[in-house]
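Q: Could you take me through one part of this model at close range? I would like to see how a single strand sits among its neighbours, and then how two helices meet.

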Amino acid sequence: MIHPVIMAGGTGSRLWPLSRQLNPKQFLKLTDSPLSMLQSTVARLEGMNADKPLLICNEEHRFLAAEQMRQSGQEDVQIILEPCGRNTAPAIALAAIQLCERAGNDNPLMLVLAADHLIQDTEAFQKGVAKAVPLAEQGKLVTFGIVPSHAETGYGYIHRGTELANDCYSVDKFVEKPDVNTANAYLTSGDYLWNSGMFLFSARDYLKELETHRPDILSACRAAIADASKDLHFTRVNPQLFADCPSESVDYAVMEKTDKAAVVALDAGWSDIGSWSALWDVSSKDDAGNSLTGDVIAKDTANTLVRADSRLVATVGVDNLVIIETKDALLVAHKDKVQDVKSVVEQIRNDGRHEHMNHREVYRPWGVYDSIDNGARYQVKRITVKPGAKLSVQMHHHRAEHWIVVSGTAQVTNGEKTYLVTENQSTYIPVGQVHSLENPGVIDLELIEVQSGSYLGEDDIVRYEDRYGRK
């Protein structure tokens, strides 16, 4: 049996403003599929002889990951939480250590996948994995090389060596992202594959190679997971011990150093969707080459990607652009310059703004809120609480809150009193009052919250009790 390990870290800053630090691209619906990128990664495992996936994600994404797994029918999926990003070599090591602990004397095969990749041909992907299994069972560390469709300068390449089996080769060398001329030479030769960042190997073989080439990484990971705490399906590694671990990719730490590397050539419609132009490449388009999502009117427009999330977007006489509209930001970029979107995110961060962190609409384990208006001493939110969910028992030092129920029923704890508030009714929470909000019903609770006070930041919350483990 194969044990899928899905790496769901990263922030996807090149896909801003849709991808944000607290809601990155792996949790978004980017293609025509109704599934998020993470959910699509899980879905393409169906029909394989595979165990339930093991997820690795950042601590701040834990509820997004768990909720999307619940929606996919994977409620009991185990999730390893990283307190900080340390690249792929340590992340895979954490998963390998945990798999070995569960397996006893067995040597589990781990299929390492990124949560934010697109694979359009699931059958070809599964056949490629099947070809890699015998190699992994022989002790090879197998990577999947994508048969290139064009001279791409944004990917690393693998120079394939001796043929080991059908579409399976030894690895001669890994090469960095090339310039245009070098990429064309690679394409012409037919001996180079794109480096996909997907792998199949046994957990013990990976740990053995990591111990040989980067024992410092392995030692830090063993210490961090040995002192981990467990909460529901989450494994929280020791924050300080993991922060001390060197940050290194699996390519640099192991694959470029080991003599056991092999590669399976894969032609499955793969893309890492690393930029808006890459998304345009794989999107369905009209006769003018436009990919249009949302409320869009396009006149005399060609070869353009437009996503409208919250309002009408109209284009007239434009070509080769990317236009992305969200509730709080608008990006207009030439398709040839979309790699520079990352610098915009860096400027937003350096300027002390917040648009790189989250959307106006923010997801919480109990539901979602949308900050629809704000001023110097007030803020208005639209809040949706899922059936059976409850916000923490909390108190605010600097703000009072007015709650108006739009639909559903709220159970409110306000100091010593607990009572129900139904549609078209309201209640008031004074400054300093201990309170909580719960949805006891079977439909969503929707309400309008009006905050007023001298300070309205999200950090003005003193939590006394919280069913989601938040401090």
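A: Happy to: here is a walk along one strand and its partners, followed by a helix pair. Please keep in mind that this is a predicted model.

Let's start with strand β4, which spans residues 109–114. Six of its six residues are buried, so the strand is largely enclosed by the rest of the structure. Its side chains fall into two sets: L109, L111 and L113 point one way, while M110, V112 and A114 point the other way, and all are buried.

Now for the neighbours of β4. Strand β1 (residues 2–7) runs parallel to β4, and six bridges join the two. One place to look is H3, whose bridge partner in β4 is M110. Strand β9, covering residues 192–202, pairs with β4 in the antiparallel sense over four bridges. M110 turns up here too, with F201 as its bridge partner in β9. M110 thus makes a handy landmark: it is bridged to H3 and to F201.

On to the helices. Helix α3 (residues 88–103) and helix α6 (residues 203–213) have axes that come within 9 Å and cross at roughly 130°. The two helices are therefore oblique to each other, and α3 passes α6 in a left-handed crossing. On the α3 side, the contact is made by A89, I92, A93, A96, I97 and C100; these meet A203, R204, Y206, L207 and L210 of α6. Sorted by character, the residues of this contact comprise ten nonpolar, no polar and one charged.

Notes
Residues numbered from 1 in each chain as written. Predicted model: local features only at pLDDT ≥ 70, side-chain atom pairs only at ≥ 80, totals over all residues. Heavy atoms only, no water. Axes fitted to C-alpha atoms, helices over the stretch in contact; angles between N-to-C directions. Parallel < 35°, antiparallel > 145°, perpendicular 65-115°, else oblique. Left-handed = near helix turned anticlockwise from the far one by under 90°. Contact = heavy atoms within 4.5 Å. Nonpolar A, V, L, I, M, F, W, Y, C, P; charged D, E, K, R; others polar. Buried < 20%, exposed > 50% of the residue type's maximum accessible area, 1.4 Å probe, protein only. Pairing = 2+ DSSP bridges.
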